[in-house]
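Student: I'd like to learn how to read a model like this one. Could we go through it feature by feature?

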2 protein chains.
Amino acid sequence: MMTVTLVQVAERAGVSTATVSMVLRNRGRISQATRERVLRALDETGYVYNQTAANLRNRSSNQVGLLLHDITNPFYGEMTAGLSHEMERHDMLLFLANSEESEERQQKFVESLLRNNACGMVLCAARQTPQAFFDGLKRRHIPAVMVVRPLIDPDFDFVGTDNFFGTQMATSHLLKLGHRNIAFIGGSQNSGTRSQRIGGFTSCLLEHGLSPNPQWIVTSQASQSDGVRVSETLLTSFPQITAVVCYQDIVALGVMQTLRKLGREVGRDCALVGFDDINEAALVQPALTTVSVAAKEIGRKAGELLYSRIQGNDEPPKRIILPPALIIRESCGFR
Amino acid sequence: MMTVTLVQVAERAGVSTATVSMVLRNRGRISQATRERVLRALDETGYVYNQTAANLRNRSSNQVGLLLHDITNPFYGEMTAGLSHEMERHDMLLFLANSEESEERQQKFVESLLRNNACGMVLCAARQTPQAFFDGLKRRHIPAVMVVRPLIDPDFDFVGTDNFFGTQMATSHLLKLGHRNIAFIGGSQNSGTRSQRIGGFTSCLLEHGLSPNPQWIVTSQASQSDGVRVSETLLTSFPQITAVVCYQDIVALGVMQTLRKLGREVGRDCALVGFDDINEAALVQPALTTVSVAAKEIGRKAGELLYSRIQGNDEPPKRIILPPALIIRESCGFR
DNA sequence: TTGTAAGCGTTATCAA
DNA sequence: TTGATAACGCTTACAA
């Protein structure tokens, strides 16, 4: 079965390929009669438009890339759904890649996008991405929107959440409940997201005349088990701590476990706030008070922005920061 | 900034475009000297290979599609990671689309893939997909691998899990623990996966001389909240139920929530088995006993199979059924 | 070992 | 309102 091209359609309709092309794209003036003839021929031949050829000719494309470091993380699943939906609205195709935090795979993907003539990309870059990577991107001046992980580089569009404000809300909630000895647990040393969250935490303490205690600000890996390990050390060394702001919900779950082990009741003897509002937050007992981030909305907004860039919007780089919300449940006590 | 093509590279290296192309693809005999000259020119010009042009010329492509109905579901997140990894190994690009169970969007995506000259696809079709859709696919004879949702059509490759055996294991586990009043919660009415899982459930009961109670087999949407809603009705109407086999982990999480609300302790007053082994299963408290289907492995195997088809493997359609495993954790009690 | 040139399927310019 | 035709950038016979 030969592939059907404009030529066969044109022959069958008794017109030129130019005419068929014009009918397909609704360009130029075509008489009703020929249009119908062409349409019929299109149908009869079972013609399939060759986007590749058109792209080559137009030096354009309708394909964008999405690079994540962990598609397995439900947060990114949500975000992807938001972006995918937005792209589909514009009849664009979405390439997906999962860097798994590997700078090499990330680089490979971007090169692949370039080779394949993608017209834009949304990136949540791997943790230790060197500046050279971003510089390389800029040199290609292909529209690129960064998401979630805060970026220092001011030349890129960015869509993320307000980490600073998020922990501020969390911290202020605890302060209002009367807590004065508040710790911060979680996040890894070199994370920009973490700095922002810690910023919200400490600034909020300072505004209330409390000086943050560096010994009460500790890192942890993004797992429940490490949350247990880290909090155990902290909470036994400093039993005077009565509340904890956690970098992530999963870490908070670990802290909960520790508190139980220490015989302290969550919400009564020690208050706990998480961040992310993952599913489990609502499930554990007591249910976890946490900061919710609209992941799907991040994807949607990133898509919208990227699309506008592809359309030629050349305003200066934008930073879209979505407001988080404090979801009050039970882990800070009932009243 | 003009785009650099083979022509500019050839000029700079003082050779023909044919030579440059051959160097790029390691074809034909090229002297070491010219190869080096070309390589240098490639580098100096900052040449970027135009895959689109090559694809047009070769009537080929390196792009495959993945159609899901819910990328938000952690199970599919895992599967996607597996497939993505496999595709990357072969330097293929992955198009992602989320049908959200809409036949129309699904159809649009497939057409888009065809237009874009994709060389294959992995599909988890929307629930009520008409046979015409599959027939249309066959007519194009483009390699397509179906995943997860069992398909009657024997003409397609399929990769999935053994749903029947999976719930058999789950049910038999509960029976061994002494439960006799076992309910089945979750899945939607017209789901083939669900029939298989219910098949495993009821057959196992029957083998143990118990007759399944239709009132204890209820549907639910694929969300935690609906799991709560549905289980609340069931478990208050029939307090004699002491164990539940859930269609999905997310539903099981909902059931957990209900049990708490009813003041019944999970694992002691009511045993619970899930299906999927999503990340949260290990994280909730008590940790969820569940049937693991190796989602990532499904993705990997589907990728492998698809790749072989693209390479020309024309053996008859294959059905790869991965064996599930019962992961015993805490939600059925400790002993 | 390297160069020439025809095509892949579409689009856009220009002429009819 | 339509048709001829030259690109788009790469690959591959075939020739040199």
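Student: Let's start with DNA strand C: how far is a phosphate oxygen of the strand from an N or O atom in the side chain of B:Thr34?

Tutor: The idea is to look for pairs of N or O atoms within 3.5 Å. Here the side chain of B:Thr34 puts an N or O atom 2.8 Å from a phosphate oxygen of DNA strand C. Keep in mind that this is a predicted model.

Student: Which other contacts of that kind can I look up on DNA strand C?

Tutor: Try one from the backbone and one from a side chain. A polar backbone atom of B:Ser16 lies 2.8 Å from a phosphate oxygen of DNA strand C. On the other chain, A:Thr3 has a polar side-chain atom 3.3 Å from a phosphate oxygen of that strand.

Student: How many residues surround DNA strand C, and which are the closest?

Tutor: There are 26 residues around DNA strand C, and the closest are A:Tyr47, A:Tyr49, A:Arg57, B:Arg29 and B:Arg57. Then ask which part of the strand is being touched. Of the atoms of DNA strand C that come within 4 Å of the protein, 76% belong to sugar and phosphate.

Student: And what surrounds DNA strand D?

Tutor: DNA strand D also has 26 residues around it, with A:Thr19, A:Arg29, B:Tyr47, B:Tyr49 and B:Arg57 as the closest. Sugar and phosphate make up 77% of the atoms of DNA strand D that lie within 4 Å of the protein.

Student: Which polar contacts should I look at on DNA strand D?

Tutor: Here are three to click on. A:Ser31 brings a polar side-chain atom to 2.9 Å from a phosphate oxygen of DNA strand D. B:Leu6 uses a polar backbone atom instead, 2.6 Å from a phosphate oxygen of the strand. For B:Asn58, the partner of its side-chain N or O atom is a sugar or linking oxygen of DNA strand D, 3.5 Å away.

Student: Now the two protein chains. What rotation superposes chain A on chain B?

Tutor: In general, two copies of a chain are related by a rotation about an axis and a shift along it. For chain A onto chain B, the rotation is 179° and the shift along the axis is 0.9 Å, with an RMSD of 1.5 Å. That is how a two-fold axis relates its copies. To find the axis from chain A, go to A:Phe95: its C-alpha is the nearest one in that chain, 1.9 Å from the axis.

Student: Why can we say that the copies meet through the same surface?

Tutor: Compare the residue lists from the two sides. Of the interface residues of chain A, 96% are interface residues in chain B too, so the copies use the same surface to meet.

Student: How much area do chain A and chain B bury between them?

Tutor: About 4800 Å², of which 52% is on carbon and sulfur atoms. In contact terms, 52 residues of chain A meet 52 residues of chain B. On the chain A side, A:Leu93, A:Arg115 and A:Leu283 lose the most area to chain B, together 14% of what that side buries.

Student: How many salt bridges are there between chain A and chain B?

Tutor: The count is 4. For a salt bridge to look at, take A:Lys108 and B:Asp91, whose closest N and O atoms are 3.4 Å apart. The interface also has 14 residue pairs in polar contact.

Student: Last one: how is chain A divided into domains?

Tutor: Domain 1 is 6-58, domain 2 is 63-161 + 295-322 and domain 3 is 163-293. Domain 2 and domain 3 of chain A bury about 700 Å² between them. On the domain 2 side, A:Arg127, A:Pro150 and A:Thr161 supply 65% of the area buried against domain 3. Between these two domains of chain A, the salt bridge count is 0, while 2 residue pairs are in polar contact.

Notes
Residues numbered from 1 in each chain as written. Chains lettered and ligands numbered in written order. Predicted model: local features only at pLDDT ≥ 70, side-chain atom pairs only at ≥ 80, totals over all residues. Heavy atoms only, no water. Least-squares fit on C-alpha atoms with pLDDT ≥ 70 in both. Contact = heavy atoms within 4.5 Å. Domains from an automatic or database assignment. Buried area = accessible area lost by both parts, 1.4 Å probe. Salt bridge = Lys/Arg side-chain N within 4 Å of Asp/Glu carboxyl O. Polar contact = N/O pair within 3.5 Å; in protein donor to acceptor, adjacent residues only side chain to side chain. Near = heavy atom within 4 Å.
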